[in-house]
Amino acid sequence: MFSFIKAAVGGLTGICRAHGHQGSLHSHLKVLAAGLKTFEIPPDFSDVVLPGKPKLKVIQKVPNLKKAKKEMKKLRDIQGPAKAANTFTKGQFAIVALGGGYIHWGHIEMIRLTINRKMDPRTTFARWRINAPYKPVTRKGLGQRMGGGKGAIDHYVTPVRYGRLIVELGGKVELGEIEHILTQVAKKLPFPATVMTREGLVALQQKQADMEQNNQNPWTFKQIAQGNMLGIRKVLSPFDLHNHGRFAGKFHLKGRV
């Protein structure tokens, strides 16, 4: 078959040259790419059940307390890894915090309005994985002198640690359909965050476990601290001993074993 086509094209080229046409016939032919194309099998969403109210709910700005009490800063609320809401429940995609920080009510409203306006409620659902603002932040009025006791409560915030899921999405959608929405939200948060899938979160945790298991260096932070080499226990805090030096306050140190 190929030899027949080649002979036919050669004959037409000779005819064109005989009639004085400049150039080859190949410049006027449109070559079509032949062959079979293989596509990925689309995912099966037959077992996905959408809730009755798929959109994010409104969160209260101020907790409903009989008497509001002032608190100290307690920076330990944003230090170290998250102990709650660090795994998926029903969704497939989420915004995961890569550092500690405080979420204000304005950030919560930004997340709710952005996701509710841009997602399709017929195929997608979203749910909160953080609590409503409950930690009071005090502030004194402008121009006041020093002293006079602790200031009045100005607003409330929600502490977030490393690895905490902020908002979770799922439904009959793929990552490419909602990734731009979650990325837009993650960039506006007051701490580093990223968009992650259920499989990506498992792979991240597995990567850390593999690094600890296949580590070739015997002088890890954990071994040095437990052996009290050079009397390092004098300058280490209980927080460093508990987390083996993988966190510096609210910041996570990548690659630390």
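Mentor: Before we start: two strands pair if DSSP finds at least two bridges between them. Keep in mind that this is a predicted model.

Trainee: Okay, so what makes β3 and strand β6 a pair?

Mentor: Set the count against the cut-off: 5 bridges join β3 to β6 (residues 165–171), and at least two are needed, so they pair. The two strands run antiparallel, and Arg 127 stands opposite Glu 168 in β6.

Trainee: Why is β3 called mostly covered?

Mentor: Buried means under 20% relative accessible area. In β3 (residues 124–128), 4 of the 5 residues are buried, so "mostly covered" fits.

Trainee: And why is Met 229 called partly exposed?

Mentor: Because its relative accessibility is 32%, and partly exposed lies between the 20% for buried and the 50% for exposed. You'll find Met 229 in the loop between α5 (221–227) and α6 (238–243).

Trainee: How do you know that Met 229 can belong to a surface patch?

Mentor: A patch takes residues with over 30% relative accessible area; Met 229 has 32%, so it clears that bar. Met 229 forms a nonpolar patch with Trp 219 and Leu 230, with about 410 Å² of accessible area together.

Trainee: What makes up the lining of the largest pocket?

Mentor: That pocket holds about 630 Å³ of space. It is lined by 21 residues, and the closest to its centre are Tyr 162, Leu 204, Gln 208, Arg 246 and His 252. α4 (198–213) and β1 (93–97) each supply at least two lining residues, and α4 gives the largest share, 8 residues.

How values were computed. Residues are numbered from 1 along each chain as its sequence is written. This is a predicted model: local features need pLDDT of at least 70, side-chain atom pairs count only at pLDDT 80 or more; totals for chains, interfaces and linings use all residues. Side-chain values use heavy atoms; hydrogens and water are left out. Buried means under 20% relative accessible area, exposed over 50%, partly exposed in between (1.4 Å probe, protein chains only). Patches are made of residues with over 30% relative accessible area and no salt bridge: like charges are joined within 9 Å, nonpolar side chains (Val, Leu, Ile, Met, Phe, Trp, Tyr) within 5 Å. Accessible areas come from the Shrake-Rupley method with a 1.4 Å probe; for residues, only the protein chains shown count as cover. A salt bridge is a side-chain nitrogen of Lys or Arg within 4 Å of a carboxyl oxygen of Asp or Glu. On a 1 Å grid over the protein atoms alone, a cavity is a set of points where a 1.4 Å probe fits but cannot get out, and a pocket is an open set with protein on both sides within 12 Å along at least five of seven lines; lining residues have an atom within 4 Å of a point. Grid points are joined across faces, edges and corners, and a volume is the space filled by probe spheres set on the points.
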